Amino acid sequence: MTARGEMVMEQPSADTLKVILSGEWKLGGELPGADKVQQKLEGRPGVRNLVFDTLELASWDSGLLTFLMNLGALCSRQQILLNRDGLPPGAKRLLELALAVPEKKDARTAEGRVSFLAYLGDQTVELFRSAGEMLEFIGDAVIAVLRLLRGKAQYRRSDLGLIMQAVSAQALPIVSLICFLVGLILAFIGAIQLQLFGAQLYVADLVGIAMVRLMAAIMTGIVMAGRTGGAFAAQLGTMQVNQEIDALKTLGISPMEFLVLPRMLALALMMPLLCLYANIMGILGGMVVGVGMLNIGFMEYYNETAKAIGLWNLGIGLFSGLVFGVIVALAGCMRGMQCGRSASAVGDAATSAVVTAIVGIILSTAVITVLCNLLGI
Amino acid sequence: MTEKEAHVTVDDLTMAYGDFVLMRDLTFTINRGDIFIIMGGSGCGKSTMMTILIGLKAPAKGKVLYGEVDFWGADQQTRDRIIRRAGVMYQSGALWSSMTLAENIALPLETYTDLSPGQIREVVKLKLALVGMAGFEEFYPSEISGGMQKRAGIARAMALDPEILFFDEPSAGLDPVSARRLDDLILELRDSLGTTMVIVTHELASIFAIGSNSVFLDVSKRTMTATGNPNQLLAETRDPNLRLFLTRGEKS
C-alpha cells in the first residue's frame, strides 16, 4: 500500500477555513495539492483565516512542506491569514525558516522568450565579437613568435620537450592506423575504376599523389585536432578555472608566451614530420592492395610511386602539415584561454577547439589548393 | 610604524560587470605595513575588488594609485612593473599543476632575477620552510592537502620578496587550527618583513585577530559604508548592517 495523505476541509465559522490533515504526508505518496484548497476558497469569498488540524497526521516530510509553501503563496495572494499553530512543531519551525529570508525577485537573470529577430541580431553581434577575439589572439600569437625570434620569449624548454613528445611520438600509432587505412581505401576505389581500362598500375600514382599532396596532411591534421587540439583546450581551460593563468598574469609572465608559444612551436615543428610518416604509411596501405590484389610487382609499384611523386607534391603536403599544425595549436589554445570558470565550460572549450580546428583545416586546404592551381604547381 | 604612508589609494572607484554595477563610490587608503581587510557579505564584490587591485580587471570608473602612480591610467609596462612588486595568493592556491612546488616557486625567480640555479634552490627551500613546508620541494600540487596548497601559494607569492601581498580568502576551507596558524604567519611576515597585507575575507576571527585597517562593502547599499580598524568599528559603529556582520547577527 502506498503512503497516502488525506485532507478534509471544514468551515467552523464564516471567515475561517479549517484544513484537517491526516495519514502519511510523504514525498512520492499520493498527496492532495494546494489547488484543492483554492477551489474550496473560490466558493467562499468571506474566508479570512486558514487554520490547521493535524492531530491525525501520522508522519510527514518535505511533501507536507512543499504543500504548505504552495498554500502560503496562495494565501498571501488572496490576503488570507495562514495560522500555523495547528501544524506539527517541527514543520512549523521549518516553514518559518524557509520564509525567514524573503524570495529575491531580481536574482534570476531574465531569460524570457527571445524573438527570432532579436536572436538573429544577438548571434550576429556575437559572431563579429568572436571574430574580433580570434584576430586579437592571432595577433598576440604573432607578437609572441616575433619575441621568440628575438630570443626574448619566456617559456620553459622542458615544457616544449614534453609537449613535442606528446604531439609526435605518442601520436604515431593512431596516425599509422588512419593513414594506412586511407591509403588502402584510396587504392581500392581507384583499382575498381582503373581496372576497367587495364591501367591497374596507375593505382600507385593515384595513391602516391593523393596521399603525399593532400590526404596525409588532412588526415593527420584532423587526428591531431581531435587528439591534441582538444587536449590543449582542456589543459588551458582547467588552468583558467584553477586561476593558474591569473597567477601567471599577476607575476607578469605572459600566458601567450609561457603556455601558447611552446604548444604552437611543438605542433609546427612536429606536424611536417608526422605528415612525412603518414605519407609512408599511406603508400604502404596502397601497396598492400596493389601488390596483394592487383598483382603489381613490389618494385614495379615502388618505381611507379617514386616517379609519380614530385618534389613539389611533397613540399605542398609538408607545408600544409605545418599550416594545419599551427591552426590546431591556435584553435586549442585560444578556446582554452577563453574558457569560463566551470567544469562544463572546459567541456565546451574542448568541443569548440576541435570544431574550430577542423573548420580551419578544411578552409586552409581550400585556400592552398586554389593558390597552387593559380601558381600552376 | 611611526609615520603612516599610503601604499595603495583607491579613489572614487566603481566596479561593474557590463551594465551591472557591483559597487560604487569606493574611496579608501591602504597604508604601508597595514594588514588591510576587505570584508563584506558573500557576493558583495570583495574578490572583484582584489582583481582590480592586482591588475586583472579594469574598473568601470575611478582610480587606483600605487604610491603616486595611477595604476589603471598607466600603460601595460608600468602596470607589469608595479604588480611585480606584489604577490598574490589565490583562493585555491592556483599553483601551476604541471610543476612541482619547487618549480612553482622558482619560476618567478628564474624570470626576474639573475640568481644561479643553486641560489634559487636555496631561496625555494627557505620560502617553503617559512610557511612550514620544508621538504615538500618535489611534491606536485595535486599530492598535498588544500591547506598545504594555500601555504605553498603564499610561499610562491613571497618568492620575490614583494612589498605588498594579496590574499583571497586565506582561511576558507581550512580547519580552525590551520586558519589560526595562517593568521600567525601573516602577522609574523608583516612584523618581520614590513610587508603590506591586503586580505579579502569574511572570517570574523581573523578579521579581529590580525586586521589593523579595513573596508566594509555593504551589498545592500552597493557601496562601502565603513573603513578603519575592525575592533574600533565594532565598538563604535551605529550602522546596523555592519554591526550584524561583525557580530555574526547575534544580539549583544
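**Exercise 1. Place G317(A) in its surroundings: in which helix is the place of G317(A), and is the residue buried or exposed?**

Solution. G317(A) has its place in helix α11 (residues 311–337) of chain A, where helices are DSSP runs of H or I with at least four residues, strands are runs of E with at least two, and both are numbered from the N terminus. The model is a predicted one, in which local features need pLDDT of at least 70 and side-chain atom pairs count only at pLDDT 80 or more, while totals for chains, interfaces and linings use all residues. Residues are numbered from 1 along each chain as its sequence is written, and chains are lettered from A and ligands numbered from 1 in the order in which they are written.

The next step is to apply the burial rule: a residue is buried if 20 or more other C-beta atoms, placed from the backbone, lie within 10 Å of its own, exposed if 12 or fewer do, and partly exposed in between. Because G317(A) has 26 other C-beta atoms within 10 Å, it is buried.

The last step is to list its partners, taking two residues to be in contact if their C-beta atoms, placed from the backbone, lie within 7 Å. Leaving aside neighbours within four places in sequence, G317(A) is in contact with V212(A), R213(A), L214(A), A216(A), A217(A), C275(A) and N279(A). Its C-alpha atom is separated by 18 Å from that of A329(A), 12 residues further along the chain.

**Exercise 2. Describe helix α4 of chain A: what distance does it reach from its first C-alpha to its last, and how many of its residues are buried?**

Solution. Helix α4 (residues 116–149) of chain A has 34 residues and reaches 49 Å between its first and last C-alpha atoms, close to the expected 50 Å, the expected span being 1.5 Å times one less than the number of residues. Of these 34 residues, the number buried is 2, so α4(A) lies largely in the open. After α4(A) comes G151(A), with a positive phi near 75 degrees.

**Exercise 3. Set the radius of gyration of chain A, and then that of chain B, beside the value for a compact globule.**

Solution. The radius is taken over C-alpha atoms, and the globule rule is 2.2 Å times the number of residues to the power 0.38. For the 377 residues of chain A the rule gives a value near 21 Å, but the chain has 35 Å, and its C-alpha trace spans about 105 × 60 × 40 Å along the principal axes. An automatic or database assignment divides chain A into domain 1 (5–98) and domain 2 (137–375), whose centres, over C-alpha atoms, are separated by 67 Å.

For chain B, with 252 residues, the rule gives a value near 18 Å, which agrees with the 18 Å of the chain. The C-alpha atoms of chain B fill a box of roughly 55 × 45 × 40 Å along the principal axes.

**Exercise 4. Describe the side of chain B that touches chain A: how many residues of chain B are in contact with chain A?**

Solution. The count is 14 residues of chain B, in contact with 11 residues of chain A. Two or more residues of this side of chain B come from each of α2 (76–84) and α3 (101–112) of chain B, and the largest share, 3 residues, is that of α2(B). The residues on this side divide into 8 nonpolar, 4 polar and 2 charged, where Ala, Val, Leu, Ile, Met, Phe, Trp, Tyr, Cys and Pro count as nonpolar, Asp, Glu, Lys and Arg as charged, and the others, Gly among them, as polar.
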